[in-house]
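Student: I would like a close look at one part of this protein. Please take the sheets and what packs on them, and then the salt bridges.

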Amino acid sequence: MTQNTPLSPRLPRLPLHPEDVAHRVLSAAQLRARGVSAAQTSAQCLPGGPWQHLLPGVYLLHPGPPTGRERLHGALLYAGRPPASARRAQAGSADAGYGESMVTGAAALALHGFAAVGDVEALHRIDVLVPRTRRLRSTRFVEVLRAASMPRAVRVGELPVAPVERALADAVAGTVDAACVRRLLTDAVRDGHCEPAALVRELSDAKLLGRPAVVGAVDSLLAEGRAVAEARLYAMVREHGLPDPLWNVELRQPGGLPLGGVDAFWPDQAVAVELDARAPRYGAAGRRGRAEEDPQWSAPAAKREHLERLGITVVHLSPRKLREAADQQATVVRTALMAAADREPAAYVMVLPR
């Protein structure tokens, strides 16, 4: 028996397209909306029948094992079905769909293209995120995760998927393997899936920063993020025809007073570029502290003010802006270099390699 086996003549003719997962996996509500009664559905799912009971209230309209995409679609239909009190009102809808549910965890990372996770066909578990108010149990291959505040889903093909940062936090929460956690976090930054600051913020919100498997990995991902941002800065200067700066130098006043390091410096124009690759700091309660109370934030601000009092223009570039709008950031730097001719000469500073 194949996926194209004709249905019983007593059933309404259903559109079965082998290439379309949405027509191979349907919820009970979707079947009813297509004219298939509960009794007819049960008959089709008897041993040796053409259909299968994939999950509670979800049916696979062919024999044989489900594919990974069918399991994903079925998991979303299961998690997205309305509460029992609302099902009668939606009984006539042919498109009950996914509701607010979305794929998260390792399955979401596979859909986002994480090489370390592998193909979605090989995953034994699919995590789905639902609002905290949903009374829904994990079952079979579906693990239900609840969120007090649901993130905005992104679409990967036809599937609603949690953003990378949230999917990573949910995946990390489900593993104690430090090597796996480190690989996931560093790959996320190295491969350009997300920025370190946003990822650390999500891990903090999930109260995961104190976990032994996460503590060491955070330092690695910040270092990886720094290296990626520097590479983007080098590429921006080269690809947009900016004059070559002095890279990674320390600035000092003639008397030896240190002024701090900068990532790029054009001495003739007195323009410095700093990459703002810092991650937000959080207290024990997991809340971001006020910038002026955190030395990590106040020290760079004081350095910038000092340099600008000496006549040095400091341009701050974020890794995210370099990734998403390098041409705009190149224009910002070029404008600062061109404006040097209209400024008073800057104070003399010593430039040392760092």
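Tutor: What follows goes through the two sheets, then the charged pairs. Bear in mind that this is a predicted model.

Start with the sheet of 5 strands. Its order is β12-β11-β10-β9-β13. The sheet is open, and its pairing is mixed. Two strands sit at the edges: β12, residues 313-317, and β13, residues 350-353. Each of these edge strands pairs on one side only. On average, neighbouring strands of this sheet are turned by 45° against each other, direction ignored.

Now look at one pairing inside that sheet. Strand β10 covers residues 258-266, and strand β11 covers residues 271-275. They pair in the antiparallel sense, over 3 bridges. To find the register, go to Trp266: this residue stands opposite Val271 in β11. A helix covers part of the sheet. Helix α13, residues 326-339, packs on the sheet and touches β10, β11 and β12. The direction of α13 makes about 180° with that of β12.

As background, strands of a sheet pair through backbone hydrogen bonds, either parallel or antiparallel.

Next comes the sheet of 3 strands. This sheet is also open, with the order β1-β3-β2. Here the pairing is antiparallel. The edge strands are β1 (25-27) and β2 (52-55), and each pairs on one side only. Neighbouring strands are turned by 35° against each other on average, direction ignored. Take the pairing of β1 with strand β3, residues 58-60. It is antiparallel and runs over 3 bridges. Leu26 stands opposite Tyr59 in β3. This sheet has a helix on it as well. Helix α4, residues 68-80, lies across β1, β2 and β3. Helix α4 runs at about 10° to β1.

Now the charges. The structure holds 15 salt bridges. Three of them deserve a closer look.

One joins Asp127 and Arg125. Their side chains meet at 2.9 Å, N to O. The two partners differ in exposure. Asp127 counts as buried because its relative accessibility is 4%, under the 20% cut-off. Arg125, at 41%, is partly exposed.

Another joins Arg166 and Asp170, with 3.2 Å from N to O. Both residues lie in helix α7, which spans residues 164-173. They are 4 residues apart, about one turn of the helix. Arg166 is buried, with a relative accessible area of 15%. Asp170 is buried too, at 12%.

The third joins Arg232 and Glu195. The N to O distance is 3.3 Å. This pair links distant parts of the chain, 37 residues apart. Arg232 belongs to helix α10, residues 212-239. Glu195 lies in the loop between α8 (178-190) and α9 (196-205). Which side of the burial cut-off do they fall on? Arg232 has a relative accessible area of 19%, so this residue still counts as buried under the 20% limit. Glu195 is buried as well, at 10%.

The pair of Arg232 and Glu195 does not stand alone. A network of salt bridges links Glu195, Arg232, Arg320, Arg323 and Glu324.

To trace all this on the model, begin at β10 and find Trp266 opposite Val271. Then pick out α13 on that sheet. Move on to Leu26 opposite Tyr59, with α4 lying across the strands. Finish at Glu195 and follow the network to Glu324 and the other members.

Technical notes. Residues numbered from 1 in each chain as written. Predicted model: local features only at pLDDT ≥ 70, side-chain atom pairs only at ≥ 80, totals over all residues. Heavy atoms only, no water. Salt bridge = Lys/Arg side-chain N within 4 Å of Asp/Glu carboxyl O. Buried < 20%, exposed > 50% of the residue type's maximum accessible area, 1.4 Å probe, protein only. Pairing = 2+ DSSP bridges. Axes fitted to C-alpha atoms, helices over the stretch in contact; angles between N-to-C directions. Contact = heavy atoms within 4.5 Å.
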